[in-house]
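Here is a friendly walk through a structure made of two chains, written to be read with the model open beside you. Shall we take a look?

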Amino acid sequence: MTTEYATPEEYGLADLMCCAAAREVQDNEVVFAGTGLPMVAILLAQKTHAPLLKLIFEAGTLDGRPPEIPTSVGDARCEMGASRSSGLYDAFSIAQRGYVDLGFLGGAEVDEYGNVNTTCIGDYLNPELRLTGSGGNPDINSFAKRTVFIMVHEKRRFTPNVSYITSPGWRVKKWPGGEFVHRRELYGATYRGGPSAVISTAGVFRFDDVTGRIYLDTCHPGKTPEEIRDMCQFDLDISRVNGETLPPSREELRIIHEVLDPDEIFIPKVKKG
Amino acid sequence: MSINKRITLQQAAEIIKDGSRLTFSGFTIWRRPMAIVYELIRQHRKNLHLIEVQGGSHSEFLIGAGCVDIWESCWIGHELYGKYGANLSRKVAEKQLIVEDYTHAEMMFRFAAAACGAAYGVTQTSLGTDLRNPEYDMLGRAGLRDGVRIPKHKYQFTEDPFFGAGPQVLIPPAKVDIAVMCVQQVGEEGTVRINGQYYSDPEVARAADITIVMAEEIVPEEYLRRNADQNNIVSFEVDHILECPFGAHPTGMFGRYDVDGPFLKDFYGRTRTQEGFDDFAREWIHGQDHMSYLEKLGWPRMLKLRANTALNYSVREKKGGK
């Protein structure tokens, strides 16, 4: 069966990002879901190529199969069809124990080694703005084998120095001095992996296996590699670009908008002219 | 038979003294003890030290009202209905509030340590991040680490002494004076039955010196004891109980009512400034009691939020509160 891909006027940026995120999931994996677009992406994967994935909601739902999208991870909808509904101690114990393959996370700023900030803008000791704080972001990023970050792409957000390292990337600070080292050096026997992709509103980015440095993998349709490089404050590696991000299929769009998020809570429908 | 544990809403707030180390049941915008939070604001409680697994709308109300001096946690916001804690952000910028950042897993493990009487929790989370930056020990910088009310250190590093797994982070137990819980059912003797995800409630209730449980309904203790395997918190861990229907509003309660999204959106939108907060508090908190608050919300609104008993969420409230 050949896949019918949607044409550019049939989908929006959120559709494209959601499908790109869903494609990061492999069948049978244990996946940790945060609120928002990642929940739609994971459920999309569950309803397409990864029916056996095991979904964990941070608030305490384990192997959940919600028939419709929860509004947040504390929602009553989370635990319908779940293997177990309990609490955060279970969710984080399972993560620290090493069961989690993949986590979807967000961030306000990212540096070229995948360090992410969700804590504050400006000097931590005199912040211009306090953001939501770490939540479970650094925990999932410390415990899971792979993490994928979903981010709005603005030049100020793709920065050589994030205001505060909330969530560990590939080169992290060794305390008390704060000099940068590869995360393998710090995590010892608990090292399992780290950030594997950033899906922004401009493209999909990955990290070099050896250096841990970010590079551009695919450009979202309509963007050139040079344009995306100009949208970063650091010197983005565009030497390994794999063409354009694959568009959503018509079937994926149907599932997103008719089954998972018909009320457009997280993913707006494209207005048909 | 034990002593009568029943108290009133006003008494519940009076048990919480100025300067108390306080924590709560629930998760972000679910099962937060809002009726007691409002009463604390009416009683002008001051200098509270919140230690929570994660914050939410209730923390924003207390912080906006100036009740809080220290907030130790990992996250604050209103989920879909407000993307960050605007009151906390304002108070931090004005240096009226000390924030001590931990991660979500750390806060959970800190409560688990306190709940089993351990000297510390241990984890491998967040090595290499600014959560481990020694300069960012805010309670230490403020000279408040007395080793009595506040732990001597924010954290300590050690090496795994048993299997050589590498660096470990020791984190202090979350010692709190009072836990304020909001649940579906409590028995006359204090046994608690929670429906739906129980979040971090069992650990939180056990960790606290005093546990106050506000329930949608007080039920015969004997009813809960018929199915003891479905109960979540032990009778003798609970010191005081009170019945307060819709006590979690505007946060939600599994099987009873949904989050009041428009209410939280309105709060988030209007309380970016102190004047905005004060105006909101005049409208919804001061000069009210719980019954007049519910009357002001009105039956149509509450019925819209009421959960379908088969699905455990409302099918009348448009999802996402749009």
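In which sense do β5(B) and strand β7 of chain B pair, and over how many bridges? In this predicted model, β5(B) and β7(B) (residues 167-171) pair in the antiparallel sense, over 3 bridges. To find a point of reference on the screen, look for B:Val122, whose bridge partner in β7(B) is B:Leu170.

**The sheet of chain B**

These two strands belong to an open sheet of 3 strands in chain B, ordered β5-β7-β6, with antiparallel pairing. At its edges are β5 (121-123) and β6 (156-159) of chain B, each of which pairs on one side only. From one strand to the next, the twist averages 35°. A helix joins the picture here: α5(B) lies across β5 and β7 of chain B and runs at about 150° to β5(B).

**The sheet of chain A**

Chain A has an open sheet of 9 strands, with mixed pairing and the order β4-β3-β2-β1-β5-β10-β13-β14-β15. The edge strands, pairing on one side only, are β4 (84-85) and β15 (214-219) of chain A. Within this sheet, strand β2 (residues 54-57) of chain A runs antiparallel to strand β3 (residues 61-62) of chain A, and 2 bridges join them. A:Ile56 is a handy residue to pick out, as A:Leu62 in β3(A) stands opposite A:Ile56. As general background, strands of a sheet pair through backbone hydrogen bonds, either parallel or antiparallel.

**Two helix pairs**

Each chain also offers a pair of helices to look at. The table sets out their axes.

| Helix pair | Angle between axes | Distance between axes |
|---|---|---|
| α1 (residues 13-22) and α2 (residues 37-47) of chain A | about 55° | 8 Å |
| α2 (residues 34-42) and α3 (residues 57-64) of chain B | roughly 5° | within 10 Å |

In chain A, α1(A) and α2(A) pack at an angle of about 55°, which makes α1(A) oblique to α2(A). The crossing of α1(A) past α2(A) is right-handed. From α1(A), the contact draws on A:Ala14, A:Met17, A:Cys18, A:Ala21 and A:Ala22; these meet A:Leu37, A:Pro38, A:Val40, A:Ala41, A:Leu44 and A:Ala45 in α2(A). By class, this contact of α1(A) with α2(A) has 11 nonpolar residues, with no polar and no charged ones.

In chain B, the axes of α2(B) and α3(B) cross at roughly 5°, and α2(B) is therefore roughly parallel to α3(B). The contact brings together B:Met34, B:Val37, B:Leu40 and B:Ile41 of α2(B) with B:His58, B:Phe61 and B:Leu62 of α3(B). The residues in this contact of α2(B) with α3(B) comprise 6 nonpolar, 1 polar and no charged.

**Where the chains meet**

How many residues does each chain give to the contact between chain A and chain B? Chain B contributes 55 residues and chain A contributes 52 residues. On the side of chain B that touches chain A, the elements giving two or more residues are α4 (86-93) and α5 (104-115) of chain B. That side of chain B is made up of 26 nonpolar, 21 polar and 8 charged residues. So α5(B) appears twice in this tour: on the side of chain B that touches chain A, and across β5 and β7 of chain B.

**Confidence**

The model scores ipTM 0.96 and pTM 0.97. For chain B, the mean pLDDT is 96, and 98% of its residues reach 70 or more. As a general caution, where pLDDT is low, the predicted coordinates should not be read in detail.

How values were computed: Residues are numbered from 1 along each chain as its sequence is written. Chains are lettered from A and ligands numbered from 1 in the order in which they are written. This is a predicted model: local features need pLDDT of at least 70, side-chain atom pairs count only at pLDDT 80 or more; totals for chains, interfaces and linings use all residues. Two residues are in contact if their C-beta atoms, placed from the backbone, lie within 7 Å. Helices (H or I, at least four residues) and strands (E, at least two) are DSSP runs, numbered from the N terminus. Ala, Val, Leu, Ile, Met, Phe, Trp, Tyr, Cys and Pro count as nonpolar, Asp, Glu, Lys and Arg as charged, and the others, Gly among them, as polar. Two strands pair if DSSP finds at least two bridges between them. Axes are lines fitted to C-alpha atoms, for helices over the stretch in contact, and angles run from 0 to 180 degrees between N-to-C directions. Angles under 35 degrees count as roughly parallel, over 145 as roughly antiparallel, 65 to 115 as roughly perpendicular and the rest as oblique. A crossing is left-handed if the near helix is turned anticlockwise from the far one by less than a right angle, and right-handed if clockwise. pLDDT is the predictor's confidence in each residue, from 0 to 100.
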